[in-house]
Amino acid sequence: MQKIAGHILILWMALFVIPNHLFASVVNFNGEVVDEKGLPLPSVVVFVEGTTHGAFTDGNGYFSFDYELGSSEKICLRFSIVGFQEEVRCVSHGMTSLKVVMKERTEELEQQEVNAIRKQDDYLQRLEMSGMKNIPDAGGGAIESLLATQAGVSMNNELSSQYSVRGGNYDENCVYVNSIEIHRPLLIRSGEQEGLSFVNPNMVESVSFSSGGFGVEYGDRMASVLDIRYKRPSKLEGSAFVSLMGASAYVGQSTGKFSQMHGVRFKKSRLLLSSLDTDADYNPNFLDYQTHVTYDVSEKFRLSFLANISRNDYLYEPHSREASFGTLTDTKNIRIGFVGREQDLFVTYFGSLSLDYNPTEKTKLSLTTSDFHTSENVSYDITSSYWIGNQLTKEYALGTSTTHEHARNDLNATVANLSLLGETKFNFNTIKWGVSYRREIIDEFVNEWEMHDSAGYFIPMNNQFLMMYDNLNSKKKLKTNRFSAYLQETYTKKGVKGKVVVNGGVRVAYWNFNDEWLVSPRISASFFPEKHPNWGLRVATGIYQQALFYKELKQIVTDEKGNSTLSLNKEIKSPRSYQLFLGSDYYFKVKERPFKFTTEIYGKYIDRIIPYEVNNTEITYWGENCADGFAVGSDFKIFGEFVPGTDSWLSFSLMRTMEDLYDDNRGYIYRPTDQLYNVSLFLQDYVPGYDKLKFNLKFIWAQGFPAGYPGVRELKAAARLSSYRRVDLGIIYHLRKGVDKVMERKMFSWMKVFS
């Protein structure tokens, strides 16, 4: 009986199970998933409803998987990805290949306000750009005006975007845009010639800045790093700006794989310069065009192109100047007249092409080639005469003199660079490396002389021949090669005692001009204790060297007749500094508003110093290693929402930087960038209940820089300029489409394109 029952059970299973296999067939479902613009959608989940069978779309939006189709005539496939509406396609035996278009999903969520400050785990601080484009400054919204309010940064020239950081001069700052080092013109004589900053604020996505302790991935500079990343627009956008000192326009556009940005800026400093004591015709004009284009060749390859063209014209024709001096009972008057003009032209071209390759999610490679060319001309012939007389009688009989200054200077320089950068991430480690080759070609012609005639007598006097007070005539050509490489590792680990971030590496560089090798090891560490989550501690140390360029090599050689020429010092070595940084961050809240208080202490010992003199923004190097020095100081900064919903900060810096000249018996003297104190404030505010009207206040108060008589080494840093004080107030009123009726008028209809 049991045997019969067993046979019946087997027969029953065969009747119901075997036919299913007889009629089942394995089919391949495949197809393409795109968005409404026809662009492929990667990582879309495709599965058979009611089962776990399915697949993901690849980088090109394609999917394919096998499925055992039963006796049912059709099954349903479901397509799902975050940000898009789910799609369902029911297919039959004869329909296994299909194309699905997914629509974007928009959901209005309940408004939530989150206030927090990003914790800084290295010596590269990220500066928030939202609202910062409207910072009031004479430079027309330059990024550098934001840096001027940071702790340890000094800027005291409204006509220039150059800045000094912790005792370093302007040449000791490294500027990168999209990992490409940016060069500046070389014949800078005053702030007027520099014109616009390279960085176009309309195109910026992020700004990172380090005033010391930065890693080996950045070049051989001793003071600071400004790292700019340009954005990639996701849709059509644009902006325009007009002021009494210039104008700018920007447009960005994207079609998914392809994006582009274009920016034009124009600036005139004539209005600002008209307030000077000297009566003159000032007509400096600066024009700049910049573009950034990217194209996704595939999921793993991306091409990007960055280019800049700038033209800086400077025309200066002085007329007269008058001033009074002396005592109350014996007041003198000096009157100066001018004949002649100065006309300078600076034209620069920059272009770079990068190929980014991401073989895996954790590995990045970038091959970049760039070329910078500058063509610079400085030309002037100016005769000046002065008369000194009595203030009351206006009789100019106490003294007269005449001076004539002449210059015909031309410089052409080309810097070509080829670099390969890589990055690989592991569980707790990130490895970065890079190698680069740079070719430098410089061609300079200098012809300058200066004549002094006081009461009919030439200065200096010589009975045998006529001598100029100062003259320089030279023609130099320089072609050099430079190689550099770095290896850097970052270790991040969070344990029971807290989070630790360690960054260490070494940088090596070689320059064939003076056959010099530079080796720069650096290491930094950050610690966030678990028991004290509001604290962050940092320490960094390393060797930082100032890679030489053309300006530092030049020496002036004068013969017995007073004729001077330029010589390039092949024995010169790069200045070197041993630096130590200690820092802490304390995060806290006041009335539920986030704040951060930062303290940093630093010390630098510098040897092989090449002394220099600063005249406005012109830096003249001595062309030899003839001093040692140091820089010590501390920076304090409180950052947060002084006014709810806005970012503001107050910075205070103390610093002392000095140098000991080898042939000077005065001992340590102040370096040209010494500044004992520097206080800066940036404050944002708005009218309560009417946030369309906003205010920005920028305040700077700093000790004046040391000064001396030009060309006299014994009087270097013998005096000090008066303290620098500046206050800028900006008022911004926002017009919004859909809110302000004026925006709906026909004259503003073009702005809808950029909404």
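Strands β19 and β20 (residues 301–326) run antiparallel and are joined by 12 bridges. The two form a hairpin, with 4 residues between them. If you want a spot to click on, try Y289, which stands opposite I309 in β20. On another side of the pairing story, β19 (residues 285–296) also teams up with strand β17 (residues 258–268), again in the antiparallel sense, this time over 11 bridges. There, K267 stands opposite F286 in β19. While you are looking at these strands, keep in mind that in a regular strand the side chains alternate between the two faces of the sheet.

**The whole chain**

All of this comes from a predicted model. How confident is the predictor? The mean pLDDT of the protein chain is 83, and 82% of its residues reach 70 or more. Residues 7–24 are one place to be careful: pLDDT is below 50 there, and beyond near neighbours in sequence the stretch has 4 contacts in the model. Another is residues 109–114, where pLDDT stays under 50 and the model has 0 contacts beyond four places in sequence.

Strands are the main theme in the count of elements, which comes to 43 strands and 5 helices. Of the 755 residues in the protein chain, 46% count as buried. Take the contacts with a separation of 6 or more: 63% of them are between residues 24 or more positions apart. As for the surface, the protein chain exposes about 38900 Å², and carbon and sulfur atoms supply 57% of that area.

**Nonpolar cores**

Which residues have the most contacts inside the largest nonpolar core? They are Y163, V177, F209, L226, I228, Y230 and L553, in a core of 57 residues. Strand β23 (residues 399–425) gives the largest share of this core, 4 residues. Apart from it lies another core, of 20 residues, with V48, Y67, I81 and M102 among them.

F209 is a handy residue to centre your view on. Leaving aside its neighbours within four places in sequence, F209 touches a long list of partners, including Y123, L124, L127, L147 and V153. Y163 and L226 are also in contact with F209, and both of those turn up again among the residues with the most contacts inside the core. The contacts of F209 include Q125 and S224 as well.

**Aromatic pairs**

A search of the whole structure finds 23 aromatic pairs. In one of them, the ring centres of W535 and Y586 are 4.9 Å apart and the planes sit at 40°, so the pair is tilted. This pair links distant parts of the chain: W535 is in strand β29 (residues 535–545) and Y586 in strand β32 (residues 576–590), 51 residues apart. In another pair, F595 and F642, the centres are 5.9 Å apart and the planes are at 25°, so these rings count as stacked. F595 belongs to strand β33 (residues 593–609), whereas F642 is in the loop between β36 (627–640) and β37 (648–661), so the pair ties together parts that are 47 residues apart in sequence.

Are these four rings buried or exposed? The table has the values.

| Residue | Relative accessibility | Class |
|---|---|---|
| W535 | 37% | partly exposed |
| Y586 | 31% | partly exposed |
| F595 | 8% | buried |
| F642 | 27% | partly exposed |

F595 counts as buried because its relative accessibility, 8%, is under the 20% cut-off. Add F588 to W535, Y586, F595 and F642, and you have one aromatic cluster.

**Two residues with positive phi**

Two loop residues are worth a look for their backbone angles. S43 is a residue other than glycine, yet its phi is positive, near 65°. You will find S43 in the loop between β1 (25–34) and β2 (45–48). Is S43 buried or exposed? Neither, as it happens: at 48% relative accessibility, S43 counts as partly exposed.

R166 is not a glycine either, and has a positive phi of about 50°. Its place is the loop between β10 (164–165) and β11 (173–177). Here the relative accessibility is 2%, so R166 counts as buried.

Terms used:
Residues are numbered from 1 along each chain as its sequence is written. This is a predicted model: local features need pLDDT of at least 70, side-chain atom pairs count only at pLDDT 80 or more; totals for chains, interfaces and linings use all residues. Side-chain values use heavy atoms; hydrogens and water are left out. pLDDT is the predictor's confidence in each residue, from 0 to 100. Contact means heavy atoms within 4.5 Å. Buried means under 20% relative accessible area, exposed over 50%, partly exposed in between (1.4 Å probe, protein chains only). Accessible areas come from the Shrake-Rupley method with a 1.4 Å probe; for residues, only the protein chains shown count as cover. Two strands pair if DSSP finds at least two bridges between them. A nonpolar core is a set of buried Ala, Val, Leu, Ile, Met, Phe, Trp, Tyr and Cys residues joined through side-chain atoms within 4.5 Å. Rings of Phe, Tyr and Trp (its six-membered ring) pair if their centres lie within 6.5 Å; planes under 30 degrees apart count as stacked, over 60 as edge-to-face and the rest as tilted.
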